[in-house]
Amino acid sequence: MIVMKDSSFDEALLANDLVLVDFWAEWCGPCKMIAPILEEIGKDKAGILEIGKLDVDDNIETARRYEVMSIPTLILFKKGEPVMRLIGARSKSALMKEIEPHL
């Protein structure tokens, strides 16, 4: 799992072909619910998909840039470009159904 910051966001995206970024905050209940699911997906898809986490409270610039209005917001980046956006917590199977076509 990659902990992302405003200062290193673009660099982290370009260093990996496929990154699912979790835009979250410490106070967000649904964000805490989805965190272990994202860790599982990261382990299951190691070498194919990286999971990134960006705390929106500490990294306002990137959250604004990608127009993150609600959290958790998950954006899948392929070669640095956003290809999918999901808002809200989901089960592992629901997330995988959305992600699989991009793998």
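**Disulfide, buried aspartate and hairpin**

A search of the whole structure, which is a predicted model, finds one disulfide. This bond joins Cys-28 and Cys-31, whose sulfur atoms lie 2.3 Å apart. The torsion about the S-S bond of Cys-28 and Cys-31 is about 80°, and the disulfide is therefore right-handed. Both partners, Cys-28 and Cys-31, are buried.

A further buried residue is Asp-22, which is placed in strand β2, spanning residues 18-24. Asp-22 counts as buried because its relative accessibility is 0%, whereas the cut-off for a buried residue is under 20%. The side chain of Asp-22 makes a polar contact with the side chain of Lys-53, at 2.9 Å. Lys-53 also appears among the residues in contact with Asp-22 when neighbours within four places in sequence are left aside. In that list, Lys-53 is accompanied by Gly-52 and Leu-54, by Ile-34 and Leu-38, and by Pro-72, Thr-73 and Leu-74.

Of these contacts, Thr-73 and Leu-74 fall within the range of strand β4, which comprises residues 73-78. Strand β4 pairs with strand β5, residues 81-87, in the antiparallel sense, and six bridges connect the two. Within this pairing, Ile-75 stands opposite Arg-85 of β5. The hairpin formed by β4 and β5 has two residues between the strands. In this hairpin, Lys-79 takes a positive phi near 50°.

Methods. Residues are numbered from 1 along each chain as its sequence is written. This is a predicted model: local features need pLDDT of at least 70, side-chain atom pairs count only at pLDDT 80 or more; totals for chains, interfaces and linings use all residues. Side-chain values use heavy atoms; hydrogens and water are left out. Two strands pair if DSSP finds at least two bridges between them. Helices (H or I, at least four residues) and strands (E, at least two) are DSSP runs, numbered from the N terminus. A disulfide is a pair of cysteine sulfur atoms within 2.5 Å. Buried means under 20% relative accessible area, exposed over 50%, partly exposed in between (1.4 Å probe, protein chains only). A polar contact is a pair of N or O atoms within 3.5 Å; within protein, one must be able to donate a hydrogen and the other to accept it, and residues adjacent in sequence count only if both atoms are side-chain atoms. Contact means heavy atoms within 4.5 Å.
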